[in-house]
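Thanks for coming. I will go through one structure today, starting with a hairpin and moving outward from there. Please have the sequence and the model open.

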Amino acid sequence: MAPGPELAAALASIRPESVSGYDSVELLRAKGRQENADTAATLRMVVEVALRRPGSVETVERLQVPHQFAADELRAAFGLSSTAAEKKLALAWSTVKRLPELNEAMASGGLDETRAWAFADWTEQLSDEHAHAVCAELLPHAVLDAEEQLPTGLLIKEMTKKAMALDPTWAERRYKEAVRKRRVVGYANSDGTANISGQQLELNRAAAACGRIKALARSAKQAGDPRPIDHLRTELFVSMLDGTYEGLTDPQILSALAATLESDAESKADAAGADTGEAEPESTEHAPPVGAQAPAMGSPQIGHHLSVRLTTLLGLDRVPAELRGWAPITAGQAKVLASLMGGAQWRYALTDDDGHYIGSGLITARPSGFARRDTRNRGIVDILLPASLLRDVIVDPTAGADLIEPYLLAAWLPVLHELTGALLNPTALPDDSDRRFPGAALRREVELEKPRCIGVGCGRSSHNAEIDHRLDWALGGRTVGINLAPACGRDHTLKTKGGWSLHRWKRRGYRWCTPLGREYAVSLPRVIEVVPPPAGPDVWWEKPDAEPNPNLDHAGFRWQESEIWFPRQPKPEPSLRVPTPAPPPVDPGEPPF
């Protein structure tokens, strides 16, 4: 049965668990054909949206090619990132307009989206004539019903051979185009680590860079460094990028690398004890957690932008913090990073009890044992706190000071006193209303009140965005907080040149209107997301009860050692009991990367 409404209805009427093993494969293939056809229809509609003339809200006006901001209409409609929207439009255009045989093969159910991507990408630098020739020869081997369907890897290899035979200069053009797009990318992983990669690099230079790191790591191993070679390469790679080794010769780099061995040994020693959820003793409060390593001395910490609650730093909760532009991090990691960033610029954001912004400023004091402010340090620490915290700890200490460990309270008193003074005697912001660009104080206020770009679905940190006038300066808009908002370069251009309009929406939000008349709301997140349920003062939250551990029996023993299996044997010794740690409270707020 061909893909379409009839096949969709037939598939919906079949219970997968009721078919035989042989028929289950047939059912799976039928669903695949229907999915391919649906994808083809979606891509055709993507092209139609991209070809709509801006402003044709109630009329049918088509362009010959997509306009500059066509991908942003898709981005808002699907909730995609800018990069994902551009890729979707590129695939749609290639399969519908440039190589329509691909869309036809998808519509008939034979070609899936992954293989369609391969055809579109690997024929990009070929002439249309040669691209059609590649499709004509290899498309029959790529569809679902082919006698021997080629997997994507082999398909790409065959396309490469065919392209080189048809056009000997194809590979050279493809290489030059790729080098023109070279870039460095960093992104967070789901396990709390991160990746850095240089993409589309010149092959000889990439080989030379890897060779140098390999040679330095090999020299360190020959000098007796016991760490794995991959760990040494990683330490060299990151320290060369973050500025730690700036200006050092190779022998000096090896000496600096050897100095990091001690901190590695300390991390391994810390790994001997697991986190049981109990308060850490004073002597280990700022020790690196398991798996964490302090950055080497000398890094200017460019790109370090920590946003953390003061209640977390004071040990009153274990709410995740955030490394802006990257990912959330654990409370333990945030404490370590804050202790290493004493030299960075510290800023505070005060909120009401609902977590909404009420004021901000700079912090000059540092806790005992922290480094002082160093103007060479380019990092930023944003400390978020409700005003009620200062009331409960400083103004009326009987209400909440006893909840903080005495050694932590003593260490943080200079910061708490400075914050209380700023709350009781606020400083007015300079008047920038007649200036084209906001001053440092006003920009800081906008960044802290609105922590990310106000574009539809954009997660760029406000610190890395432009501060845009909602009512443009050229149209009489004033440089005041209510008329300013962070917007990345792309969203700023959409408003000024792309025909998108921006309006205030309710008290804490904006509404975008696209050239095709669609409207999308963007709400401003709270500076501090409230973590229910409260227990006692405003600054404290009770840990929820631990969930039952499926690995233990009713008495708290491992199932392998439980008396349920061996009723005549004596009970295991109490030392065999495994404690059930209470899970940390869950932050209901959406993460910003």
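Which residue takes a positive phi in the hairpin of β6 and β7? The residue is Gly-355, with phi near 85°, and the hairpin has five residues between its strands. Before going on, note that this is a predicted model.

The two strands of that hairpin run antiparallel, and six bridges join β6, residues 345–351, to β7. One pairing to look at is Thr-351, whose bridge partner in β7 is Tyr-357.

Is β7 enclosed or open to the outside? Strand β7 covers residues 357–363, and five of its seven residues are buried, so the strand is largely enclosed by the rest of the structure.

Now the sheet around it. Six strands form an open sheet with mixed pairing, in the order β5-β4-β3-β8-β6-β7. Its edge strands are β5, residues 327–329, and β7, each of which pairs on one side only. On average, and ignoring direction, neighbouring strands here are turned by 20° against each other. At the β5 end, β4, residues 321–323, runs antiparallel to β5 and is joined to it by three bridges. Within that pair, Glu-322 has Pro-328 of β5 as its bridge partner. Helix α16, residues 387–395, packs on this sheet, where it touches β6, β7 and β8, and its direction makes about 75° with that of β8.

A further helix meets some of these strands. Helix α18, residues 440–449, is mostly covered, with seven of its ten residues buried. Among the buried ones are Arg-444, Glu-445 and Glu-447, along with Leu-442 and Val-446. What do the buried residues of α18 pack against? They pack against β6 and β7 again, and also against β8 (380–386), β9 (466–469) and β10 (484–487).

On to the other sheet I want to show. Three strands, in the order β11-β12-β13, form an open sheet with antiparallel pairing. Strands β11 (501–504) and β13 (519–523) are its edges, each pairing on one side only. The twist from one strand to the next averages 25°. Five bridges join β12, residues 509–513, to β13, and Tyr-510 stands opposite Val-522 in β13.

Next, the empty space. The largest cavity holds about 60 Å³. Its lining includes Tyr-357, which we met in the hairpin, together with His-356, Glu-449, Arg-508 and the run Leu-524, Pro-525, Arg-526 and Val-527. By class, that lining has four nonpolar residues, one polar and three charged.

The second largest pocket has about 970 Å³ of space. It is lined by 26 residues, and the closest to its centre are Lys-87, Trp-117, Asp-121, Glu-124 and Lys-181. Which elements give two or more residues to this lining? They are α4 (82–98), α6 (113–122) and α9 (170–180). Helix α4 gives the largest share, nine residues. Ten residues of the lining are charged, nine are nonpolar and seven are polar.

One last residue, Ala-171, lies in helix α9. With a relative accessibility of 30%, Ala-171 counts as partly exposed, because that class runs between 20% and 50%. From Ala-171 to Thr-160 the C-alpha distance is 8.5 Å, and the two are eleven residues apart in sequence.

That is what I have for today.

Note on methods
Residues are numbered from 1 along each chain as its sequence is written. This is a predicted model: local features need pLDDT of at least 70, side-chain atom pairs count only at pLDDT 80 or more; totals for chains, interfaces and linings use all residues. Side-chain values use heavy atoms; hydrogens and water are left out. Buried means under 20% relative accessible area, exposed over 50%, partly exposed in between (1.4 Å probe, protein chains only). Helices (H or I, at least four residues) and strands (E, at least two) are DSSP runs, numbered from the N terminus. Two strands pair if DSSP finds at least two bridges between them. On a 1 Å grid over the protein atoms alone, a cavity is a set of points where a 1.4 Å probe fits but cannot get out, and a pocket is an open set with protein on both sides within 12 Å along at least five of seven lines; lining residues have an atom within 4 Å of a point. Grid points are joined across faces, edges and corners, and a volume is the space filled by probe spheres set on the points. Ala, Val, Leu, Ile, Met, Phe, Trp, Tyr, Cys and Pro count as nonpolar, Asp, Glu, Lys and Arg as charged, and the others, Gly among them, as polar. Axes are lines fitted to C-alpha atoms, for helices over the stretch in contact, and angles run from 0 to 180 degrees between N-to-C directions. Contact means heavy atoms within 4.5 Å.
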